[in-house]
Amino acid sequence: MNRPWTLASSVAGAVVVALDGTALTVAQPSLHRELHATFAEVQWTSTAYLVAVASLLVFAGRLGDRYGQRRVFGLGMLGFGAASVGIGLAPGVGWVIGLRAVQGVFGALLQPATLGMLRAAYPADRLASPLAVRTGAIGLAAAAGPLVGGALVTGLGWRAVFFVNVLPALAFGLPALLRPEPGPAPAPTPSARPSLDLPGAALLAVALAGLVYAVTARPVSGVGLALSLLAAALLVRHERRAASPLLPPEVIGSRAVGAALGILVAVSASLVGTLFLATYVLQRRLGLDPFHSALCSLPLAVLMVLSAALCPALLHRYGARLTTAGATALLVLGVLVLSGATVPVALGCGFALLGAGFGTVMVAATQVIVRWAEVTVAGVAGGLQQTALNVGPAVGVAGATALLAAGTGPALLALAAVAALALPAARALPGPTAVTTPRAPAPDDPVPASGPAAR
């Protein structure tokens, strides 16, 4: 397998999605004016995408496990690019909302595959380095998104934001479809391939879509939460009885994987909720314009890239347990600094701590999730990781919005407490011996209830 091409494709897919989301935020005011949309309709240009992508990520990962990660990645990239063109040509906001949902479907296809391809291309004990490159690229995209989006909207209009996706979609999507590289030996018969478990996929989609819709609605939707809980209960019942469940027991039964997923939800909720509140601190309390606000938060992206690059060495020396716990403590400290900061220098320090903490946690927790899965279920593992990183931010923004009435200071303290929930969960992650010798179980390796942890 061509590892450089695989890594480049994984990075390209992650960056396209990250740029699209951050640039859209900048473009929404212009879209609002030009299409004469209501505020609710503008919100749905984000919500439609989030609901679609969050509900389908795990099932899309299973499609990659069954039909090939590269093939699903190529289809996702090309579909994402085609939907972007449609949005750029949309005559009204209704078309934009509908096509954003379509874009979310294809985004769900490509995102788990970016991790599944890496798991298939690299040995388990060498995954940390490519994951660090991927995480660093996401950090750069997050920093560049508002700048690129602002330049495009100012010079060419909001539609140009979506046309940017076309070139990378073609450059990486077509080769993945036309010349897919072989992964592990294919199953001898179609029946030996992983089952799609369509009932499980439908129940999971309803549970996740209901949850994301409920927390993104204003006010929070009680009906959406009730539907999500009901679907989740039915999903648990179904998965226990299914011969080939959508969520493999060797993955979700691992304490290490469960802890890593919970950590990603907690830290991403805290980070994104904090960034949402920081906008009010920077622009309303300190009176900074959007450009200078972006400069204040720039240390977050810089430290995220640097910490991601350093994380493989930390994992090798200290293991995922200590590395994640230390990085989470940095993130909590960053939120606490921001809760009391009143000058740009202190704010910059707070953002730097956020970036250093989140970049490290992202690599360490993702490495545990993807590495703990066999190649045959790497897509599902990638889908679970991406689901955590979609649900967490939605919950974080919903919580920040609900707490905003109490003031930004108390709200940020609450978000620091949310991030601190990851500290006890980090105890379930493997130590340094398990990271450096993934095929030989160490005494402190977590053992799932269903049997030995899948490596």
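This is a short presentation on the helices, salt bridges, aromatic pairs and backbone details of one protein chain.

Good morning, colleagues. The model before you is a predicted one, and I ask you to keep that in mind throughout.

I begin with the overall make-up. The chain has 455 residues, of which 54% are buried. Its secondary structure consists of 17 helices and 0 strands. Among the contacts with a separation of 6 or more, 84% join residues that are 24 or more positions apart. The accessible surface of the chain is about 18100 Å², and carbon and sulfur atoms account for 72% of that area.

Let me turn to the salt bridges. The count for this structure is 2 salt bridges. As general background, side chains of opposite charge can pair when their charged atoms come close.

In one salt bridge, the side chains of Asp 20 and Arg 100 meet at 2.8 Å, N to O. Asp 20 belongs to helix H1, residues 3-34, and Arg 100 to helix H4, residues 93-121, so this pair ties together parts that are 80 residues apart in sequence. Are these two partners buried or exposed? Asp 20 has a relative accessibility of 2% and therefore counts as buried. Arg 100 is buried as well, because its relative accessible area is 3%, and the cut-off for that class is under 20%.

In another salt bridge, Arg 159 pairs with Glu 34, and the closest N and O atoms are 3.4 Å apart. Arg 159 sits in the loop between helix H5, residues 128-156, and helix H6, residues 160-163, while Glu 34 lies in helix H1, so the pair ties together parts that are 125 residues apart in sequence. Arg 159 is partly exposed, with a relative accessible area of 21%. Glu 34 is also partly exposed, at 45%. Helix H1 thus contributes Asp 20 to one bridge and Glu 34 to another.

I move on to the aromatic rings. How many aromatic pairs does a search of the whole structure find? The search finds 2 aromatic pairs. One of them is formed by Trp 158 and Phe 162 in an edge-to-face arrangement, with 6.2 Å from centre to centre and 85° between the planes. Both Trp 158 and Phe 162 are buried.

Next, I consider helices H2 and H3. Gly 64 is located in helix H2, which covers residues 39-67. With a relative accessible area of 2%, Gly 64 is buried. Setting aside residues up to four places away in sequence, Gly 64 touches Gln 69 and Val 72. The C-alpha atom of Gly 64 is separated by 8.5 Å from that of Ala 378, although the two residues are 314 residues apart along the chain.

Helix H3 runs over residues 69-88 and has 20 residues. From its first C-alpha to its last, H3 reaches 28 Å, close to the 28 Å expected at 1.5 Å a residue. Of its 20 residues, 14 are buried, so H3 is largely enclosed by the rest of the structure.

On the surface, there is a nonpolar patch formed by Leu 75, Leu 170, Leu 174, Leu 177 and Leu 178, with about 450 Å² of accessible area together. Which helix gives the most to the nonpolar patch? That is helix H7, residues 166-178, with 4 residues. Leu 170 is one of the patch members and lies in H7. Its relative accessibility is 41%, so Leu 170 counts as partly exposed.

Finally, I come to the backbone. Most residues other than glycine have a negative phi. Against that background, two residues deserve mention. His 36 has a positive phi of about 55° although it is not a glycine. His 36 is placed in the loop between H1 and H2, and with a relative accessible area of 71% it is exposed. Asp 197 likewise has a positive phi, of about 50°, and is not a glycine. Asp 197 lies in the loop between H7 and helix H8, residues 198-216. In which class, buried or exposed, does Asp 197 fall? Asp 197 is buried, with a relative accessible area of 8%, whereas His 36 is exposed.

To close, I return to the starting point: this is a predicted model of a chain with 17 helices and 0 strands. Thank you for your attention.

Key
Residues numbered from 1 in each chain as written. Predicted model: local features only at pLDDT ≥ 70, side-chain atom pairs only at ≥ 80, totals over all residues. Heavy atoms only, no water. Helix = DSSP H or I, 4+ residues; strand = E, 2+ residues; numbered from the N terminus. Buried < 20%, exposed > 50% of the residue type's maximum accessible area, 1.4 Å probe, protein only. Contact = heavy atoms within 4.5 Å. Areas by Shrake-Rupley, 256 points an atom, 1.4 Å probe, with all protein chains shown as cover. Expected span 1.5 Å × (residues − 1). Patch = residues over 30% accessible without salt bridge, like charges linked within 9 Å, V, L, I, M, F, W, Y side chains within 5 Å. Salt bridge = Lys/Arg side-chain N within 4 Å of Asp/Glu carboxyl O. Phe/Tyr/Trp six-rings, centres within 6.5 Å; stacked < 30°, edge-to-face > 60°.
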